[in-house]
Amino acid sequence: MWQAEVRVDLDAIRDNVATLRARTSAEVLVAVKADGYGHGLVPSARAALAGGATWLGVAALDEALALRRAGVEAPVLAWLLAPGLPLHEGVAAGVDLGAATPELVDELVEAARRAGCPARVHLKIDTGLSRGGAVADDWPILLEAAAKAQAGGDVEVVGVWSHFACADDPGHESVDRQLAAFHEALAVAAGFGITPRYRHIANSAATLTRPDAHFDLVRVGIAAYGLSPIAGETYGLRPAMTARARVMLTKRVPAGQGVSYGLTYTTPRETTLAVVPLGYGDGVPRHASSTGPVRVGGTTARIAGRVCMDQVVVDVGDEPVTAGDVAILFGPGTSGEPTADDWAAATGTINYEIVTRFGSSRVPRHYDGEVAR
C-alpha cells in the first residue's frame with residue numbers, strides 16, 4: 001500500500017515528442033535537465049528518444065555523464081559549465097559541450113588533449129536574454145579562439161546556438177530582434193570559417209509558434225512533458241505527471257476553528273478536514289497555503305491554512321471523505337483533477353516549477369506506459 005507518490009506516464013512523453021517532431025523538419029533535442037523536469041532523467045530520456053528525439057540536453061556535466069552511465073548513447077549537449085570542471089570526462093564520453101568564453105575554449109582544448117579526442121563544442125551567442133552566451137562585442141574573440149582550436153584538431157565546432165527570452169509571448173518584439181541577431185552572429189562565424197552542422201535557438205515555445213526559428217535543431221523542454229509554454233494553448237500535448245496521496249485522517253470540526261500553523265485559516269462553517277501527507281518537504285509550494293487545489297472525494301477543494309513540511313489540511317466541507325481516499329494534487333486533468341497549470345496559477349508561478357519541485361522530492365516516483373516496460 002502506498003501513502004504518497006508521483007506517477008509518470010512515459011507514453012505521454014513519447015507521444016508529446018512525436019507531436020513536436022511532426023511540427024518541424026529540424027532534428028529535436030529534448031531537455032532532460034533537472035532530473036527530466038522532475039519526471040526522471042533516464043526514463044524521460046528513453047521516452048523522448050522513443051518519440052523521435054535525436055538529441056538530449058542537460059544543464060550540468062554530471063547529468064550528461066549519468067546518461068552515459070545508464071547506457072544512453074544518443075548525442076547529449078551539456079551547457080552550464082563553470083570553470084575547473086573535469087571536462088575531459090565529458091569529452092571522453094562523447095558529450096557535446098557549450099562554450100561562451102575563450103577561457104572555456106582553452107579548458108576544452110586541455111580536456112581534449114587529456115581525453116585523446118577532439119571536444120565537440122557548441123558556441124553560444126547572447127542575442128538578448130543577457131544570461132549565458134557571448135555578447136556581440138565579444139563574439140569575434142570567442143570565434144577566433146574556437147577557430148584556432150579547431151584548426152589545431154583539439155575542438156570540433158558542432159553548433160552555434162542562442163536562447164529566446166520571450167518566445168512564450170507570441171508576437172513579442174524581442175523574438176524578431178533576437179532572431180535577427182542570431183542570423184548576424186552566424187554570418188560573423190562564417191567569416192571565421194565556422195559553419196556548424198547545427199544552428200539552434202528555438203525552445204518549446206518557438207518550436208510551436210516560430211517555424212522560421214527552427215534551423216537545424218530545436219530544443220524542447222516543458223512541452224515534451226505535456227505542459228504548454230503558451231498560456232491558453234495545449235497543442236495536443238498530454239501532461240505526464242500526477243502527484244497524489246492517500247488521506248491520512250479526517251475530522252469533523254465546528255465553524256470558527258483555526259487550522260494549521262498560525263491559524264491563518266478559520267473554518268466558515270461546520271466542516272470535515274482531511275489531512276493529506278504531502279508538504280513542502282515533498283514539493284508542495286508553501287505559497288499554496290489556502291490556495292492549492294486538491295481533488296478528493298469527488299470534489300476539488302482547497303488547502304486550508306499553511307502548507308506544512310510533511311502534510312496539508314484540506315477543507316472538504318460535507319463530502320464523505322475518509323482515511324485512505326485518494327487525494328490528487330494535480331494530473332492531466334482528464335478526470336476533473338487539477339493540473340500543474342492550475343497549481344501554477346494558484347501559487348503565482350509557472351508549470352515548470354510545479355512538476356520540477358515534485359520530481360525532486362522524497363516521494364516515490366513510479367512509471368506507467370509501454371515505454372516503462
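In what sense do β2 and β9 pair, and over how many bridges? That one opens the set below.

This is a predicted model, so local features need pLDDT of at least 70, side-chain atom pairs count only at pLDDT 80 or more, and totals for chains, interfaces and linings use all residues. Residues are numbered from 1 along each chain as its sequence is written, and side-chain values use heavy atoms, with hydrogens and water left out.

**Exercise 1. Place strand β2 among its partners and work out its burial.**

Start with the vocabulary: helices (H or I, at least four residues) and strands (E, at least two) are DSSP runs, numbered from the N terminus. Two strands pair if DSSP finds at least two bridges between them.

Step 1: β2 and β9 pair in the parallel sense, over 4 bridges. Look at V30 and you'll find its bridge partner in β9 is V220.

Step 2: turn to strand β3 (residues 55-58), which pairs with β2 in the parallel sense over 3 bridges. Here L29 has W55 as its bridge partner.

Step 3: check burial, where buried means under 20% relative accessible area, exposed over 50%, and partly exposed in between (1.4 Å probe, protein chains only). In β2 (residues 27-31), 5 of its 5 residues are buried. Both faces are covered, with E27, L29 and A31 on one side and V28 and V30 on the other.

**Exercise 2. Classify two aromatic pairs and say what they link.**

Rings of Phe, Tyr and Trp (its six-membered ring) pair if their centres lie within 6.5 Å; planes under 30 degrees apart count as stacked, over 60 as edge-to-face and the rest as tilted.

Step 1: the structure holds 6 aromatic pairs. Take W79 and W161, a tilted pair at 5.7 Å centre to centre with 50° between the planes. It links distant parts of the chain, 82 residues apart: W79 is in the loop between β4 (76-78) and α5 (87-92), and W161 is in strand β7 (residues 155-161). Both W79 and W161 are buried.

Step 2: now F182 and F215, whose ring centres are 5.1 Å apart with planes at 80°, so this pair is edge-to-face. F182 belongs to helix α8 (residues 173-191) and F215 to the loop between α9 (204-209) and β9 (217-220), so the pair links distant parts of the chain, 33 residues apart. Both F182 and F215 are buried.

**Exercise 3. Find two arginines that sit over rings.**

The rule: NZ of Lys or CZ of Arg is within 6 Å of the ring centre and within 35 degrees of the ring normal.

Step 1: R197 has its charged end over the ring of Y198, 4.4 Å from the centre.

Step 2: the charged end of R246 does likewise over the ring of W2, 4.3 Å from its centre.

**Exercise 4. Describe the lining of the second largest pocket.**

On a 1 Å grid over the protein atoms alone, a pocket is an open set of points with protein on both sides within 12 Å along at least five of seven lines, and lining residues have an atom within 4 Å of a point.

Step 1: 14 residues line this pocket, with K251, V259, S260, V275 and V313 nearest its centre.

Step 2: ask which strands contribute. β11 (249-253), β12 (258-259), β14 (271-276) and β17 (312-317) each supply at least two lining residues, and β11 gives the most, with 3.

Methods
1 Å grid on protein atoms, 1.4 Å probe; cavity = no way out; pocket = protein on both sides within 12 Å on 5 of 7 lines; lining within 4 Å.
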